[in-house]
Amino acid sequence: MGLLSDPNRRRALISLLTRLNTPICIVCYMAGVAWFMGLAFEPFTLRTYMSENAMGSTMVEERFPAGERALATGREFSAHKKRTGGMPVEWLMKTMQAKGLEVFTQRFSRTLPFPDENKERYMVRGTNVYGILRAPRAPRTEALVLSAPCSPGDNNNQAVGLLLGLAEYFRNQIYWAKDIIFLVNEHDLIGMQAWLEGYHHTNTTGTFCHSRGGSIQAALSLELSSDIITSLDLVLEGLNGQLPNLDLANLFYAFCQKIGVLCTIQGKLQRNDWDSVSGYSHAVQTMMLMVMKQASGRPWGDHGLFLRYHIEAATIKGVNSFRQYKTDATTIGRLLEGMYRKLNNLLERLHQSYFFYLMPSLSHFVSIGYYMPAFGLLAVILLLRALDLWVQLSTPPQRTEDGVTDIEPVRGVLSLLTPLVISHLTGVALYMLPIRFQEMAVEHFPVSETEAVVLTAIAVYTAGLALPHNTHRLLSGEGTEQGWRVLKLVAVLYLAVLLGCTALINFSLGFILALTLVPVAAFVTPHVPKVLSAFILVILSPACTLLFSVFFFQELQEMPISFQDGWLLFLSVISQGILDHSLYGSLVYPLITLLVYPCWLLFWNILFWN
Amino acid sequence: MYFLLVYMYIKNHVYMFPDLLGCHGKCRRYLFCCFQDRAGQFFSSGHTNNWAVLVCTSRFWFNYRHVANTLSVYRSVKRLGIPDSHIVLMLADDMACNHRNPKPATVFSHKNMELNVYGDDVEVDYRGYEVTVENFLRILTGRLPPSTPRSKRLLSDDRSNILIYLTGHGGNGFLKFQDSEEISNVELADAFEQMWQKRRYNELLFIIDTCQGASMYERFYSPNLMALASSQVGEDSLSHQPDLAIGVHLMDRYTFYLLEFLEDIHPASKTNMNDLFKVCPKSQCVSTPGHRTDLFLRDPGSVLITDFFGSVRKVELTMETINLTDPIDAESGELQKEMHTYADQLPVSEIIHQKPKQKDWHPPDGFILGLWTLILLVFFQTYGVKHLKHIF
């Protein structure tokens, strides 16, 4: 007989499961965390390598000569920008036309749901300017994009200057097989979103783009704010934690090594001493920064919005810090020229390398096959708990009174549905109320709109904590032993499915939520000490996880902040999350409010079952 | 025939050559004997015409070097005298006019851009997607539809020496065509056997420049085949040097050194196959080139490079009259006669006089079905009808 069909063996297995449930769960949790920390250990990672045959190695000859002229153009741009007080559209159009590109503009306007205090904008109106360099001999079926944002003040002038310098140089070459689009977007992400929507003719906030260059194969966004730089930083994380194909990062790294420019990721340089403690902690810090950035679900550069359209994109930032060896604009121009020549050789979209990975340093990576078991071990805990509860529910209850057993099933379903519905309604309230009632909040309280939204969100969140007491009073009397077990089974399975789906799309978000919510799900019952468990549950709730993540993120970036500043940062993170959702379609805010928060409320319900 | 023409020419214009030989009588008699002997040799060289089939099987810009390989062999072959009408050139992709080529209309073999192997008068017979395994085998065996133009046919006969050059990406026992199909060494060997049986070649030289190229000639079994490969089984053939301005590798090592070797050959050179075997030793090629001569009847040392790579007419000038009364008695006469027996395509005599074979007797089909039904019924009767409901 088989293992599971033999009743004796089955009983033995089940008793093993129920006896050892807690120890196995603890072991799994420790193993999951240890596996995750071990990912940054260099012998467990792989060196990056170019997977795409068509891109080959870095054997091109870069000949870009005009770095100084590019910087001069940048200064002109900055002067015109100051004069017009925004984007100097006519000057840009004239300059691009002089360089031989086909120039077009795109207007867009957008009203945010509430004012954005970080960037101080509410009703945004702007123009994107883009010039298309047509490939001399190729049909107009494919395109590459080079973009630089037009930022207020003194930022990114050199980026626009370099973009125009490269445009002039590229125009004189005959080996382009794809059209190259040079884009200067206003109001960074909002402008980029409008341009992408206009280019792909999807739901637009601006006008459609008149002229296209075919389907975009790859895009690079440039952020350069100083004439001389010491290192180049690569930013990969995009909207909803999506990452570009690893080949793009490999290409960047290969060219950095060839030309001899210092390259960093997450602002951190690579170290060679992986076997020392400080070397390992450096790698862990780099990886954790990537995890944090990916979990936030916001695009960390203008490239982040391209990824949704299956266009591999990355942002290259020039950093000027206190190092001895300086790189000038000509060298950066050569690096970009080399990268674009290699991208020109592509025959299909980048697809040979990984789409899901973590990078503890620029030359090492961990692929999804290696990091998923860390999450899997945490998910196993939930499944073990579910099995344990199922076993407990299947054993027939002691028959003290005969009458009780008949009414059980009906009351069971009702006592199960009510917490579910109420939790989800609270979630919906948390999702919708802050934005809807901001005017009312502003009338009654002396706060600005942004603060109103955020504080309403926190208020609804805290109000949800008071619900369980009321639910039960409503239901007539106390709940039963059966009842809370069924509810917990449903909640645990619900959490497992939710976290699993999240981890597939955005591993970092799924893992961080799992780290805090899985212990909650595992240990909570009505019989644990109430006050202590309530405290732990609140600490491990999604909002507090966010608060701790904010402090942790600042620590990782070596810019630790005080509690006051941390709290303000936390509030601004919430408002940014809501804005990201309404502007670009980021899924973190609806996920947390509509799915994760109700799930956590279910566990809160179970705690206060009696 | 040529000999007679020359003789006639000289006879008519003998006043132009007053003292060409300028010897005494003794000398004359000696030379006369030499010529008599060498007349036999003159007429017994096997081939009268040369063909070349040059194939590049890979496409895409990063396989620039395979096209450059094929074009450099094409160039040598044309320079040494084989005309375009006798060359079948198959290129799977167009590198010269590729959008990514910074020097359009050229294909270079060396990074200093010394040699443009594309030239002015390249005639490509099979281009782009026409280079398939099926087309290649049809060319070799001659089974082409009647509408195929002459430039796309291999119109060789039993006195043709054929050079076949293949390059691309290959593995152990196969060669990849166009990233979508493969030709195996067995198929190739069978195609050559078909060629032999249809008397489509006199001698055939097969050169292949791919990874593990030696595996492609392992299975040959037809006579008069000589094969060269750029690497042994388990070894990769490496590319030579990249050109940074163009951005790709320009040629493969073996063909690069082969081209260098062939540039020194002129139509009258007497270099033989043993020198060709020495091209690109391991120190230059990193892989070990191999060759196979066991199926070849002549000694490789006596085979000239121009027997395959060029189209050379033999001309002997003489002032003497020569009596061609004795039949030419070549040493390899009997062997050749044996190898040239006509293989029976359809052994009619065997078929007519054959007795029918004793087939094994099988019981009729219905009988077996009935037997199984009976077995099932007996089974269910014994073990109870209630089991039947599980089936129906």
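The following exercises, each with a worked solution, concern a predicted model.

Residues are numbered from 1 along each chain as its sequence is written, and chains are lettered from A, with ligands numbered from 1, in the order in which they are written. Local features need pLDDT of at least 70 and side-chain atom pairs count only at pLDDT 80 or more, while totals for chains, interfaces and linings use all residues; side-chain values use heavy atoms, with hydrogens and water left out.

**Exercise 1. Describe chain B as a whole.**

Step 1. Chain B holds 13 helices and twelve strands. Helices (H or I, at least four residues) and strands (E, at least two) are DSSP runs, numbered from the N terminus.

Step 2. Of its 392 residues, 46% count as buried. Buried means under 20% relative accessible area, exposed over 50%, and partly exposed in between (1.4 Å probe, protein chains only).

Step 3. The accessible surface of chain B is about 21,400 Å², and 56% of that area belongs to carbon and sulfur atoms. Such areas come from the Shrake-Rupley method with a 1.4 Å probe; for residues, only the protein chains shown count as cover.

Step 4. Among contacts (heavy atoms within 4.5 Å) in chain B between residues at least 6 apart in sequence, 74% join residues at least 24 apart.

**Exercise 2. Examine helix 4 of chain B and the residue that follows this helix.**

Step 1. Helix 4 spans residues 133–141, and seven of its nine residues are buried.

Step 2. The buried residues are V133(B), N135(B), F136(B), L137(B), I139(B), L140(B) and T141(B).

Step 3. G142(B) comes after the helix and has a positive phi, near 85 degrees.

**Exercise 3. Locate two residues of chain B that have a positive phi without being glycine, and state their exposure.**

Step 1. A105(B) has a phi near 65 degrees. A105(B) belongs to the loop between strand 2 (87–91) and strand 3 (126–127), and its relative accessible area of 42% makes this residue partly exposed.

Step 2. For R199(B), phi is about 55 degrees. The loop between helix 5 (185–197) and strand 8 (203–209) contains R199(B), which is partly exposed at 33% relative accessibility.

**Exercise 4. Analyse aromatic pairs and charges over rings.**

Step 1. Over all chains there are 37 aromatic pairs. Rings of Phe, Tyr and Trp (its six-membered ring) pair if their centres lie within 6.5 Å; planes under 30 degrees apart count as stacked, over 60 as edge-to-face and the rest as tilted.

Step 2. W196(B) and Y201(B) form a tilted pair, 5.5 Å centre to centre with 50 degrees between the planes. Both residues, W196(B) and Y201(B), are buried.

Step 3. F296(B) and F308(B) are likewise a tilted pair, at 6.4 Å and 55 degrees. F296(B) lies in the loop between strand 12 (290–292) and helix 9 (306–309), whereas F308(B) lies in helix 9, twelve residues apart. F296(B) is buried at 6% relative accessible area, and F308(B) is buried at 0%.

Step 4. In chain A, ring pairs join F64(A), Y169(A), F170(A), Y175(A), W176(A), F182(A) and Y340(A) into a cluster.

Step 5. A charge sits over a ring if NZ of Lys or CZ of Arg is within 6 Å of the ring centre and within 35 degrees of the ring normal. K293(A) is placed in this way over W300(A), 5.2 Å from the ring centre, and R59(B) over Y129(B), at 3.8 Å.

**Exercise 5. Trace salt bridges, including those between distant parts of chain A.**

Step 1. The structure holds 28 salt bridges over all chains. A salt bridge is a side-chain nitrogen of Lys or Arg within 4 Å of a carboxyl oxygen of Asp or Glu.

Step 2. E168(A) and R69(A) form one of them, at 3.5 Å from N to O. E168(A) is in helix 5 (residues 157–171) and R69(A) in helix 3 (residues 67–84), 99 residues apart. The two residues, together with K99(A), are linked in a network of salt bridges.

Step 3. K268(A) bridges to E558(A), with the closest N and O atoms 3.3 Å apart. K268(A) lies in the loop between strand 8 and helix 8 and E558(A) in the loop between helix 18 (542–556) and helix 19 (563–584), so the pair ties together parts 290 residues apart in sequence. K268(A) is buried at 10% relative accessible area, whereas E558(A) is exposed at 57%.

Step 4. In chain B, D84(B) and K78(B) meet at 2.8 Å, N to O; D84(B) is buried, with 18% relative accessible area.
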